Amino acid sequence: MTEFIERINILDRQAFGRRVMEWSDGRMPIPQTLDEAAQQLEGIIAFPLPSYITKLNFIKTTKEVWTIKIPPADMLQDTRNRIADPNQEYHLDPNYAKRVRGDFPDDLAFFEFRVGDYTCSLCT
Amino acid sequence: MHCPFSGPQLTEPKARAQDRGDALAHRLGHHLGRSNAFGPAADDELFDGYPTDRKVVRLGEEPDTADEAPEAAAPDESVGTLDRLFRRMTLGSRQDYEDQHCGYKAEDNPNLPAGYTYFAQLVAHDLVAHVAPIAHSDQQEVRAARNFRTQRLFLETIYGAGPLVTPAPFAAPPDSWSYVRKRLRLGRVGKAETGPDKAKWGERPLEPGFPARDIPRASCPFVEEVARPGLTDTLLADSRNDDSLILSQMTALFHEFHNIVLDATAGPLTTRSSNLEHYEHFIRTRKIVAYVFRRIVVQDLLKRLLDTGVYSGLETALSDLSRGRHHHPLFSVSPDEQRIPVEFSHAVYRFAHRLVRPNYVVNGIQRRPGTIYQLLERSSARSPSLLPLGTDWLVDWKHFFEIDPAVKPNLGRRINPQFGGGAMAGDTTLVVGDTRTGHGVMHRDLMRSVGCGMRTVDSLIARLPPSDKARSDLLGFPKIRKRAIKEWLLATPFHGFERGEAEAIAENPPLYFFTLFEAAMDKCGERLGILGSTIVAGVMLSALRVMQPVVEGDPEVAAAADSVFAGAVPGTLPELIAFIAGDRARRGEPPF
């Protein structure tokens, strides 16, 4: 039986997106430690994080820098393994279906959700 | 005194407001606020904001004049004290994680399986029905604010004013002999949204032969507006009961329960019986259902929610009530009091929003827990195109209550003030949040708890019995209380408070915040503290008194209930669900 890599449990991608925006424009200081991140992400990310996570790395960039974040190979392979397993699913957040249905009433809210989804999922 | 968090009317000097005779605090106090559980409030016992020399406007608000604009303020400095308190409540803290007070680390509340969150909401809907958003204090309709619930805790939220005045939730009789509607409608369900037999994308066909397990819904083709796909309307007495999947499923459960009792008490009635006989049958049924509902409110919900000492006092008061004595020293609510105190409706009982989880295991069919967003959007108001409800979204109650020893139910959250930044705090779309501020329902809870003639926490504590204050250092010793609040406020470096603000909040905390704080400090977040419990118990006792003579006070109701339930009248939600499951089995239907 394949063992999958435990993922960060994002409780609320939209709320995470709002917090990222606060880090971006300086309304909230960027956490320097995992403990500080836990304090700022109460109710947004489930803590404790998977035990393999021991460090924190924020990449604050500017529009002048073309930033391409290379996802870790083992996480990409893990997702491929999940897709190949009939008992697993390639999970898309239900907000995407909601958007397609036309039931997402607020573009700003959907934008917040996308920022949250793209920022913390390692593209995997 | 300038009030940095309120609209223009609230910022008026109190003397001028009194002169005008209609300032918000006094106006609302007249309707709601002064009818609180602790008797009339003097002006210095009402929450009056925080002193500040700063010119402050709230986030998202335009200053009325150039003088009110913050001077070259950084973004953080454009918010008021309460906004900063709210932000602190969305953060965790080192103190929380170091577990200094209660010995718990997990957010889950072992005392409150998640179903109680939504039963508490149903109870709230049976206590309060009014239309004025008190947060918007300058609106004209606030002047007419009142509670339209008169027969409280008699399930008006299910029955409305009965089948003659509120016919929508009642099924039309099957023949023309009687026009009395007495059976509550249930809604048919659709094919599963996922799985091998799922409906095609964009279509929501019914699942043939599946028992009706949803609330009744409809989409009327004979009205003028542009048709939307799905079921846009509920056929309920109180459409607030379609606020989320779990609440609507619980409402459907009570509809089904009513129908079971109706069938069990039909006796010799036939379709040829008189309309009066049928109507009396409906009334008998309603009383039995309400009798069970009220037992569950007291023996299950309140027993779990309240401080044990306060609950014991409530039991004694109810026992006295059954003997015709309408007084108990713990609670000073007037027996004929029909109104709901704002301390309850706009502060203490808002604690229940804190119980909401970010996700729930809905049943054994869904492959992953449903998010709170998914549960909220399965309502006619928000996403009618998702309705009729798919069979794969029907709630299996063993995931919400302690029913099956082999299944660990979803648990509600602990009651504490660090509620985090999730949907209830920040979402402005699914919950009725304030789009101007970008905050969600819990922000509204905090703001409303200070803007409508609310008593101060100190003045409420002062009215508690000395024996109760002696049971809590937080209540008995103001210095300990204020130090504990201040320590918590400053326990994270990201709090953002300005000089003196934490002290001001600790000196005079908003009641909503203190309700959560007291529960966390004194009860490990598992139940309300003594002050919160006393206010809830007082309101519940007052509400129970209203219909006590025709429910518990009527010996025929208790006798009929004993007969229907063979002497085992449900007193808890698991017992009620087991009873309904047994009846489903008898009818050859799946139990869940």
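Between chain B and chain A of this predicted model, the count is 1 salt bridge. Its partners are Lys98(A) and Glu377(B), with the closest N and O atoms 3.9 Å apart. In addition to that ionic pair, 7 residue pairs are found in polar contact across the interface of chain B and chain A, both residues being at pLDDT 80 or more.

Let me turn to the elements that build this interface on the side of chain B. Those that give two or more residues to the side touching chain A are α4 (94-98), α11 (372-377) and α12 (423-426) of chain B. Of these, α11(B) provides the largest share, namely 3 residues. By character, the residues on that side of chain B divide into 12 nonpolar, 15 polar and 10 charged.

As to the extent of the contact, 37 residues come from chain B and 32 residues from chain A. The two chains bury about 2,900 Å² between them, and 50% of that area lies on carbon and sulfur atoms.

I now move to chain A itself. Chain A contains 5 helices and 0 strands, so its order from the N terminus on reads α-α-α-α-α. Of its 124 residues, 35% count as buried. Where contacts in chain A join residues at least 6 apart in sequence, 66% of them link residues at least 24 apart.

Next, helix α13 of chain B, residues 441-448. Why may this helix be described as largely enclosed by the rest of the structure? The reason is that 7 of the 8 residues of α13(B) are buried. They are Val441(B), Met442(B), His443(B), Asp445(B), Leu446(B), Met447(B) and Arg448(B); the list includes the charged residues Asp445(B) and Arg448(B). The cover over the buried residues of α13(B) includes α3 (81-89), α12 and α19 (511-523) of chain B. Helix α12(B) thus appears for a second time, having been named among the elements on the side of chain B that touches chain A.

On the cysteines, I can be brief. How many disulfides does the structure hold over all chains? The number is 0. Taking two cysteines individually, Cys120(A) is buried, at a relative accessible area of 18%, whereas Cys220(B) is partly exposed, at 39%.

Finally, some points of backbone geometry, beginning with the cis peptide bonds. One joins Phe47(A) and Pro48(A), with omega at about 5°. Pro48(A) sits in the loop between α2 (34-40) and α3 (73-84) of chain A. Another joins Leu387(B) and Pro388(B), where omega is about 10°. Pro388(B) belongs to the loop between α11 and β6 (411-413) of chain B. Helix α11(B), which borders that loop, is also the element giving 3 residues to the side of chain B that touches chain A.

There remain residues with a positive phi that are not glycine. In Cys524(B), phi is about 55°. This cysteine is placed in the loop between α19 and α20 (530-547) of chain B, and at 23% relative accessibility it counts as partly exposed. Helix α19(B), on one side of that loop, is also part of the cover over α13(B). In Ala566(B), phi is near 50°. Ala566(B) lies in the loop between α21 (555-564) and α22 (573-586) of chain B. Is this alanine buried or exposed? At 69% relative accessibility, Ala566(B) counts as exposed.

Definitions and conventions. Residues numbered from 1 in each chain as written. Chains lettered and ligands numbered in written order. Predicted model: local features only at pLDDT ≥ 70, side-chain atom pairs only at ≥ 80, totals over all residues. Heavy atoms only, no water. Contact = heavy atoms within 4.5 Å. Buried area = accessible area lost by both parts, 1.4 Å probe. Salt bridge = Lys/Arg side-chain N within 4 Å of Asp/Glu carboxyl O. Polar contact = N/O pair within 3.5 Å; in protein donor to acceptor, adjacent residues only side chain to side chain. Helix = DSSP H or I, 4+ residues; strand = E, 2+ residues; numbered from the N terminus. Buried < 20%, exposed > 50% of the residue type's maximum accessible area, 1.4 Å probe, protein only. Disulfide = S-S within 2.5 Å.
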